[in-house]
Amino acid sequence: MFITFEGGEGTGKSVQASLLKDFLISSGVDVVLTREPGGTTFAEEIRKILLTGEPEKISPLTEALMYLVARTDHWERKIKPALNAGKVVISDRFQDSSVVYQGLCKGVDMNVLNAVYSSITNNQMPDRTYLIDLEPEIGLARSLSRNNSETRFEKMDISFHRKVREGFLELSHKYADRYLVLDGSLSIPEIQELIRDDLSNFYQLR
Ligand code: TMP
């Protein structure tokens, strides 16, 4: 099973992904937790380029292609082998982030994004996507309060982050069969409980 977490800045995806991993391991499930951009040595190097520096340092198309380069390595070396070995893969962000950030928000041609993606993965989509939806003002404040140099996207103005939120909600309607939208203003344990309840529809857990 391939599970992804999506959402804007500071929504709490990473915490939820990590709690879910611990829970699944304690339930006897073989899990790989990973993230994008990143997940392999090479893709983590690309991550540094993409997430540091000034917002305008890379053009939208160059940026989109860089995410896809990182995704290719991540898919071929980590995600696909783990899925083939019967493991559950949890990825903190994946292709939907490219569709929202580079496609819907920065205007990169969706045909390019989709064509490259389908040649990387043979168009395999995540089985379940958890979208943590939160007002961007709250998420950005959280994200910027962390001691972190990966702030290239946080530096974009608030209207960009509002578009990101709308973009993910749009995808959640388009792919309603695989998306579950979670209210990011709930507490960490409350959100985790909703995710576990949802997953128990797929796995005999607890
Ligand atoms: P995060 O790991 O803190 O969520 O940061 C990743 C940043 O990269 C975030 O601002 C979203 C952005 N991003 C894209 O713009 N496109 C992508 O395809 C991915 C995976 C992330």
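The shell around the ligand has six charged, five nonpolar and three polar residues by class. This is a predicted model, and in it the ligand sits in the largest pocket. With the ligand on its own, the accessible area is 480 Å², and the polar contacts below help to show how the protein meets it: arginine 93 has a polar side-chain atom 2.6 Å from an oxygen atom of the ligand. The protein covers 91% of that 480 Å².

**The shell around the ligand**

- Which residues come nearest to the ligand? Of the 14 residues around it, these are Glu9, Arg71, Arg93, Ser98 and Gln102.
- Three helices each supply at least two residues of this shell: H2 (41-51), H3 (60-84) and H4 (95-105).
- Helix H4 gives the largest share of the shell, with four residues.

**Polar contacts with the ligand**

- Arginine 93, listed above among the nearest residues, places a polar side-chain atom 2.6 Å from a ligand oxygen atom.
- For tyrosine 67, a polar side-chain atom lies 3.0 Å from an oxygen atom of the ligand.
- Lysine 13 has an N or O atom in its side chain that is 3.2 Å from an oxygen atom of the ligand.

**The largest pocket, where the ligand sits**

- The largest pocket holds about 570 Å³ of space.
- It is lined by 28 residues, and the closest to its centre are Glu9, Lys13, Arg47, Leu51 and Arg93.
- Helices H1 (13-26), H2, H3 and H4 are the elements that give two or more residues to this lining.
- Which element gives the largest share of the lining of the largest pocket? Helix H4 does, with four residues.
- By class, the lining of the largest pocket divides into eleven charged, ten polar and seven nonpolar residues.
- Two names recur here: Glu9 and Arg93 are among the residues that come nearest to the ligand, and both are also among those closest to the centre of the largest pocket.

**The second largest pocket**

- The volume of the second largest pocket is about 190 Å³.
- Val99, Met110, Asn114, Lys174 and Tyr175 are the closest to its centre, out of the 13 residues that line it.
- Helices H4, H5 (110-121) and H7 each supply at least two residues of the lining of the second largest pocket.
- Helix H4 again provides the largest share, four residues, of the lining of the second largest pocket.
- The lining of the second largest pocket has seven nonpolar, three polar and three charged residues.

**The cavity**

- How many cavities of 30 Å³ or more does the structure hold? There is one.
- The largest cavity has a volume of about 120 Å³.
- Of the 16 residues that line the largest cavity, Gly8, Glu9, Thr11, Leu134 and Arg165 are the closest to its centre.
- Strand S4 (128-133), helix H6 (136-145) and helix H7 (158-174) are the elements that give two or more residues to the lining of the largest cavity.
- Helix H7 contributes four residues, the largest share of the lining of the largest cavity.
- That lining divides into seven nonpolar, five polar and four charged residues.
- Glu9 turns up once more: it is among the residues closest to the centre of the largest cavity, and also among those closest to the centre of the largest pocket.

Notes
Residues are numbered from 1 along each chain as its sequence is written. This is a predicted model: local features need pLDDT of at least 70, side-chain atom pairs count only at pLDDT 80 or more; totals for chains, interfaces and linings use all residues. Side-chain values use heavy atoms; hydrogens and water are left out. A residue is near a molecule or strand if one of its heavy atoms lies within 4 Å of it. A polar contact is a pair of N or O atoms within 3.5 Å; within protein, one must be able to donate a hydrogen and the other to accept it, and residues adjacent in sequence count only if both atoms are side-chain atoms. Accessible areas come from the Shrake-Rupley method with a 1.4 Å probe; for residues, only the protein chains shown count as cover. On a 1 Å grid over the protein atoms alone, a cavity is a set of points where a 1.4 Å probe fits but cannot get out, and a pocket is an open set with protein on both sides within 12 Å along at least five of seven lines; lining residues have an atom within 4 Å of a point. A molecule sits in a cavity or pocket if more than half of its atoms lie within 2 Å of its grid points. Ala, Val, Leu, Ile, Met, Phe, Trp, Tyr, Cys and Pro count as nonpolar, Asp, Glu, Lys and Arg as charged, and the others, Gly among them, as polar. Grid points are joined across faces, edges and corners, and a volume is the space filled by probe spheres set on the points.
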